[in-house]
Amino acid sequence: MTHDLLEAIVAGARRAAELRAGAAEAAPGGVTLTARHGEAFRASLRQPGIRIIAECKRRSPSRGVLRREYDPGAIAEGYAAHGAAAISVLTEPSFFDGALEHLHAVRARVPLPLLRKDFIVTEYQVFEAAAAGADAVLLIVAALDDGTLCRLMDLARTFGLAPLVEVHDTDELGRALRAGADIIGVNSRNLRTLQVHPSVLEELAPLIPADVVAVAESGLKTAADLIRLRQVGYSAFLIGERFMTEPDPGAALGRLRDDVERPWGA
């Protein structure tokens, strides 16, 4: 990913959201909003044991197409059957082949808390998430100024959505905490270069207050990774590519959970 690609993704997300918002205003009935279950999302990540947010994602900028035959609803059912704490659904279309319809499809098939994972930069995208059945939304500090971050967090909570605030370094972590984030995802993948720096996860863990849910993201492959990060303070783990390249993503999740829980004596 070039230095400008993050900006390109954000700009594209903004333009697409504005177009959808305009269409919704012109259409009879507009967008239906319902209160969601953000507290259930947060509580699920806080439960004892291995808590994995399993991701439905067809493609990534770093690896290309991960799964040519992509049925997010069926994949989500497999995740639910094998102990996922929550499910993340990629809805960004240009770089991840996502769609808001994927979130609808997953919501129709599983009762678990759902995260809308996208480059959310407008209020309308938060409205969409609530209407489509999400219980949480991803807010990326690198893509937002402080005022917009606070505004989108407040709006999400108004509709019962939990904001999962993603950071990549100490500066972004400080901004997230000052904004009042109570669920923080530390992404070890640099969004501009796509390089993964696992050491970031250990470096930031001690700086996250105990009352904040800490989620480790990217580059998580083995049971040893999860055990090590659980010991330094992470409550949950967001994993996508590790499962999406397997023939049966749900079964892959189950095997990983078994491998992690066995040394814990669970």
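## Starting at Arg-242

Let's begin with one residue: Arg-242 sits in helix α11, which covers residues 241-244. Helices here are DSSP runs of H or I with at least four residues, strands are runs of E with at least two, and both are numbered from the N terminus. The model is predicted, so local features need pLDDT of at least 70 and side-chain atom pairs count only at pLDDT 80 or more, while totals for chains, interfaces and linings use all residues. Residues are numbered from 1 along each chain as its sequence is written, and side-chain values use heavy atoms, with hydrogens and water left out.

Arg-242 counts as partly exposed because its relative accessibility is 24%; buried means under 20% relative accessible area, exposed means over 50%, and partly exposed lies in between (1.4 Å probe, protein chains only). Beyond its neighbours within four places in sequence, Arg-242 is in contact with Leu-220, Lys-221, Ala-252 and Leu-256, where contact means heavy atoms within 4.5 Å. A polar atom of the Arg-242 side chain lies 2.7 Å from the backbone oxygen of Lys-221. Ala-54 is 188 residues from Arg-242 in sequence, yet their C-alpha atoms are 9.6 Å apart in space.

## The chain as a whole

The protein chain has 12 helices and 10 strands. Of its 266 residues, 55% are buried. Among contacts with a separation of 6 or more, 68% join residues 24 or more positions apart.

The largest nonpolar core has 88 residues, and Phe-41, Tyr-79 and Ile-87 have the most contacts inside it. Such a core is a set of buried Ala, Val, Leu, Ile, Met, Phe, Trp, Tyr and Cys residues joined through side-chain atoms within 4.5 Å. Not counting residues up to four places away in sequence, Tyr-79 touches residues including Ala-54, Cys-56, Ile-87, Phe-243 and Leu-253.

## A look along helix α7

Helix α7 has 13 residues (146-158), which at 1.5 Å a residue should span 18 Å, and its end C-alpha atoms are indeed 18 Å apart. The expected span is 1.5 Å times one less than the number of residues. The buried residues of α7 are Thr-148, Leu-149, Leu-152, Met-153, Leu-155 and Ala-156. They lie on the same side of α7 because they cover an arc of only 165 degrees around the axis, taken from the directions from the helix axis to the C-beta atoms. Their packing partners are α6 (123-132), β6 (136-140), β7 (162-167) and α8 (170-178).

At the N-terminal end of α7, Asp-145 acts as a cap, with a side-chain oxygen 3.2 Å from the backbone nitrogen of Gly-147. After α7 comes Gly-160, whose phi is positive, near 80 degrees.

## Arginine and cysteines

Arg-116 belongs to strand β5 (residues 114-117) and counts as buried because its relative accessibility is 1%. Its side chain makes a polar contact of 3.2 Å with the side chain of Glu-128. A polar contact is a pair of N or O atoms within 3.5 Å; within protein, one must be able to donate a hydrogen and the other to accept it, and residues adjacent in sequence count only if both atoms are side-chain atoms.

Counting pairs of cysteine sulfur atoms within 2.5 Å as disulfides, the total is 0. Cys-56 is buried at 0% relative accessibility, whereas Cys-150 is partly exposed at 30%.

## Two loop residues

Asp-97 is not a glycine, yet has a positive phi of about 55 degrees. Asp-97 is in the loop between α4 (93-96) and α5 (100-109).

Ser-218 also has a positive phi, near 75 degrees, and is found between β9 (213-217) and α10 (223-231).
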